[in-house]
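Thank you all for coming; I would like to walk through one protein this morning, beginning with a single residue and then widening the view. Please have a look at the sequence and the structure before I start.

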Amino acid sequence: MRVSKINHQVFKGQNIDMHMHEGTWLPESTIYAPEDTFELIGKPISINIAGQQSIEEIKYSFVSNLDCMTFNDDNTLLKNELDGNLEMLAECRKHPQKRPYAVCQAGYGSAENIEKLLKENPNSFIGLKFHPNVFKQDANSAVYEPYMKIAEKYKLPCLFHSDKTGSYGCPHKIYELAKKFPKVPVILAHLGAGTDHTDAINVLLDSIETGSANLYGDTSWIDCKNPKMPTIKNLIERLQNTSKGDQTFRLLYGSDAPLGEFGASGKKIKGFYADNLQMLKNMIYGNFKEKAAQIADNICFNNSKILFLDGRITDMGKVTKLSQKTLITAGIALVGLAAGLTAVLKHKHNEKQLQNDNSAKNPYSSFVAQQMHIFA
Ligand SMILES: [Zn+2]
């Protein structure tokens, strides 16, 4: 009946999943094919937000090639920095929905390889990806510095797998490195995988209060089986109320799919991807009242758009002459610039309300962490 259509308003949400993968992942003995990505994000996702149906689109997914993070038995890598990253770039050129990270094999590869890729394929890679635990290289080690210089030169965000305190990917070690390159956006993926996230979140907040590094965090595997999402809720509240104003632009929606329960491994749970997006948006709409729609749009789309895409030519570097396409691209860049300016003004304008800094450990995330294998 028509009445029911009115009662069940359908609205459409756009999202950027800034943390996805394809390729071979030995901890799960699985090869994730492009089809596994498209099974999750290749079609509209119907979810229920605050009692209303919403058709959600994953407008972009940012992917990295797991083949560059997987070792053979003889301690060689399945693919090197050139072959593996070019393979992912070629795949992304076929599907504009996907944008590639360049995986950096710090300790095994060379920053010169990455610079060669960036020079020969301008405006194609959206960021650099690091996994200190896979490569067994402490994140504060000098092996990362040549790569960070490249990130600074080409203005690329760096996605770091962050892990337990004291491990190779310890949030404090990543922070130490990021402080040496304060202009480079460094994203703490998972905000401390396999932990209750307290340490990584405190590092993120400290970097904001001291202004000593340009840190971000993604949402992957945080509260992923707890509909109340207490860790992310608490984090948003803390980011809203820093002494530097609203810093929620530093939180990015990312899934780490199709690993673990998302994907083709034996752990796969049907609908897990949609459930997680639904839980995140429901938690935001249930707790942040009139600001909820804006917060959800920012975390799930605008923050990544501004950080990774705006101000760049985003058509995989194919614009070579002043064409209609170029003009459209320039228009998008201008809109992006305006959006960025609006976001900055908004952050500055935010009231500086004192927060209740509740960083109590939550039992759910550590429970979930125990169920997980190694994340990428
Ligand atoms: Zn990952």
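**From one loop residue to the strands and helices**

Let me begin with Ile126, which lies in the loop between helix H4 (111-120) and strand E6, where helices (H or I, at least four residues) and strands (E, at least two) are DSSP runs, numbered from the N terminus. I should say at once that this is a predicted model, in which local features need pLDDT of at least 70 and side-chain atom pairs count only at pLDDT 80 or more, while totals for chains, interfaces and linings use all residues. Residues are numbered from 1 along each chain as its sequence is written, and side-chain values use heavy atoms, with hydrogens and water left out.

Is Ile126 buried or exposed? Ile126 counts as buried because its relative accessibility is 5%, and buried here means under 20% relative accessible area, with exposed over 50% and partly exposed in between (1.4 Å probe, protein chains only). Leaving aside residues up to four places away in sequence, Ile126 touches Phe62, Arg99, Pro100, Tyr101, Leu156, Pro157, Phe308 and Leu309, contact meaning heavy atoms within 4.5 Å. One of these, Leu156, is 30 residues from Ile126 in sequence, yet their C-alpha atoms are 6.6 Å apart in space.

Turning to the strands, E6 (residues 127-130) pairs with E7 in the parallel sense over 3 bridges, where pairing requires that DSSP finds at least two bridges between two strands; Phe130 stands opposite Phe160 in E7. Strand E7 (residues 158-161) is covered on both faces, since Cys158 and Phe160 on one side and Leu159 and His161 on the other are all buried. E7 also runs parallel to strand E8 (residues 185-189), joined to E8 by 4 bridges, and His161 stands opposite Ala189 in E8.

Between these strands comes helix H7 (residues 171-180), whose buried residues are Pro171, Lys173, Ile174, Tyr175, Leu177 and Ala178. These buried residues pack against helix H6 (145-153), E7, E8, H8 and strand E9 (214-218).

What about the whole protein? It has 13 helices and 10 strands, and buried residues make up 55% of its 376 residues. Among contacts between residues at least 6 apart in sequence, 78% join residues at least 24 apart.
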